[in-house]
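Student: I would like a close look at one part of this model. Please take me through the helix packing and the nonpolar core, and then show me what lies around them.

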Amino acid sequence: MTRRATLAIWVLALIPTFIAAPGLTDADWNSPNAVFNGLGRLTGISGLGFLLVAACISSRVPGFDRAFGGLTKLWRTHHLLGGVAFLLLLAHPLLLAFGRGHSATDATGLLFPAFNAWPIWAGWGALVLMMLFLGPSFSFFGRPPYQRWKWVHKLAAPAIVLALAHAFALDRTLPPPFDYLVWGTLSLLAVAALAYRWLFSLARLRVAGGRFPYKVTDVRPVSQGVVEISLLETGRRLAYEPGQFVYLTPFDETLKSGLNEEHPFTLSSAPAETGLRITIKDLGDASRALQKIRSGSNVSIEGPYGAFFPRHEDDSPELWIAGGIGITPFLSRARTLRQPGSSTSRICLILCVQDEARALFADELRDIADALPNFEFRLHYFYQQGPLDQTFINACCQDLESRHVYICGPPALLSLASRLALEGGVKANAIHTEEFDLL
């Protein structure tokens, strides 16, 4: 399902290209200038298609991400679409300029248009805005602060408007009736997505799909720099599954950072519990401030997101590998399995930490392992045993090749554990990873 959904999105983005490419005639290939000119038109059409589809999947509607394997995987597709759109639209004016290379005046008029040539200025404006909001997505610019990245992405809306104005004013895109049909459909989908993101969701409307009002009831220290926050609904109750995450927005005015800012956190509670529990590690200004959020203060919750654990489980044994704060989705499911009426296949959980002080929830997980005959819990200490290796995994579960493997933690652990699972005979489609890289 994940691959089919992703493939469908890429095909949708390519539809304008599929329609435009056959429209290139022999005249577009009879000279170098004609080739550059034809490719310039084609890259402009293709880039606009990719840009609109990238906007279409940016709405963050709860549940929509499941078909793509979770929000992080959907975001990866969104980033790739945006990157392709940026490169195509960057090539668009350069190729057109090369196509007019026989006339310096024509090329200059394209790259440096007259003041009243507003369609060309609209195209340049769209490209400049794309540089501003897509630039931070490329790694060589460095990793931007989350909130700055989020606000800069608001420039996507005017960029799309300018790009569409440029395309329709010059009337050199798709042949009728495809021009209005394709661009109209993609534009409506993009507008609907942006409207949901910036109007419906952020308005915290108390209707299906909006945000959920909660109140902080307890803040419990777990270890140095880690707390578990308990929340109780003050309106509608969030329904979720183990392993999913939410966006939390705090309204505690005493916070030194993060006030009215949303940040993603994994739910560590079991779905049948009263209220929610969220485990937060000090990883930045906002998460550090949330360590001291006041009991009784209000927050809003948006979600749930993610598809770490399958909705329809089989009886295959499982291996869970967690690193540090990556224990939270496993903790949610382990707490769920301990509740009356829950059944489980054989599960082995390996928690990889630097030392004993960082073994989050180890005592509770030992209690769960004692209470569940099919649940085994093992700790792996880097300072004693070095990096996780095949020998340690085989000692925990000798039937590794028959298991589904779930991995959550730092990128280095995701890469190492995935490689070890493959080397141990686990099929690629039986390896499930979760990483919180939402930029």
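Tutor: What follows starts with one pair of helices and works outward from there.

Keep in mind that this is a predicted model. The chain has 439 residues, and 51% of them count as buried. Its secondary structure comes to 14 helices and 11 strands.

Start with two of those helices. Helix H2 spans residues 32-56, and helix H7 spans residues 156-170. The two pack at an angle of about 145 degrees. Their axes lie 11 Å apart. The crossing of H2 and H7 is left-handed.

Which residues meet there? H2 brings Leu 48, Leu 51, Leu 52 and Ala 55. H7 brings Ile 160, Ala 163, Leu 164 and Ala 167. Sort the residues of this contact by class, and you get 8 nonpolar, no polar and no charged.

Now pick out Leu 52 in that contact. Leaving aside residues up to four places away in sequence, Leu 52 touches Ile 160, Leu 164, Trp 183, Leu 186, Ser 187 and Ala 190. Two of these names, Ile 160 and Leu 164, you have already met in H7.

Next, widen the view. The largest nonpolar core has 46 residues. Leu 51 and Leu 52 are among those with the most contacts inside this core, together with Leu 81, Met 130 and Trp 183. Several elements each supply at least two residues of the core. They are helix H1 (2-20), H2, helix H3 (71-99), helix H5 (118-134), H7, helix H8 (178-201) and strand E3 (245-250). H2 gives the most, with 10 residues. There is a general tendency behind this picture: in soluble globular proteins, nonpolar side chains tend to be buried together.

The chain also has a second, separate core. This one has 28 residues, including Leu 331, Leu 337, Leu 351 and Val 353.

Now look at the loops that join these helices. Arg 60 lies in the loop between H2 and H3. Its phi is near 60 degrees, a positive value in a residue other than glycine. Most residues other than glycine have a negative phi. Is Arg 60 buried or exposed? Arg 60 counts as buried, because its relative accessible area is 6%, under the 20% cut-off.

Move on to the loop between H7 and H8, where you find Pro 177. A cis peptide bond joins Pro 176 and Pro 177, with omega at about 5 degrees. Most peptide bonds are trans. A second cis bond runs from Gly 303 to Pro 304, with omega near 0 degrees. Pro 304 is found in strand E6.

Then turn to the aromatic rings. How many aromatic pairs does the structure hold? It holds 16. One of them is formed by Phe 64 and Phe 68. Their ring centres are 5.4 Å apart, and the planes make 55 degrees, so the pair counts as tilted. The two partners differ in exposure: Phe 64 is partly exposed at 38% relative accessibility, whereas Phe 68 is buried at 4%.

Compare the pair of Tyr 247 and Tyr 305, which is edge-to-face. Here the centres are 5.7 Å apart, with 85 degrees between the planes. This pair links distant parts of the chain. Tyr 247 sits in strand E3, and Tyr 305 sits in strand E6 (residues 298-305), 58 residues apart. Both Tyr 247 and Tyr 305 are buried. Aromatic residues also gather in one cluster made of Phe 308, Phe 309, Trp 320, Phe 330, Phe 375 and Tyr 406.

Last, visit a strand. Leu 232 is found in strand E2 (residues 226-233). Leu 232 is partly exposed, with a relative accessible area of 33%. It touches Tyr 214, Lys 215, Thr 217, Thr 274 and Gly 275, not counting residues up to four places away in sequence. Take Thr 274: it is 42 residues from Leu 232 along the chain, yet their C-alpha atoms are separated by 7.3 Å.

Contacts across long stretches of sequence can be counted for the whole chain too. Among contacts between residues at least 6 apart in sequence, 71% join residues at least 24 apart.

Definitions and conventions: Residues numbered from 1 in each chain as written. Predicted model: local features only at pLDDT ≥ 70, side-chain atom pairs only at ≥ 80, totals over all residues. Heavy atoms only, no water. Axes fitted to C-alpha atoms, helices over the stretch in contact; angles between N-to-C directions. Helix = DSSP H or I, 4+ residues; strand = E, 2+ residues; numbered from the N terminus. Left-handed = near helix turned anticlockwise from the far one by under 90°. Contact = heavy atoms within 4.5 Å. Nonpolar A, V, L, I, M, F, W, Y, C, P; charged D, E, K, R; others polar. Buried < 20%, exposed > 50% of the residue type's maximum accessible area, 1.4 Å probe, protein only. Core = buried A, V, L, I, M, F, W, Y, C linked by side-chain atoms within 4.5 Å. Phe/Tyr/Trp six-rings, centres within 6.5 Å; stacked < 30°, edge-to-face > 60°.
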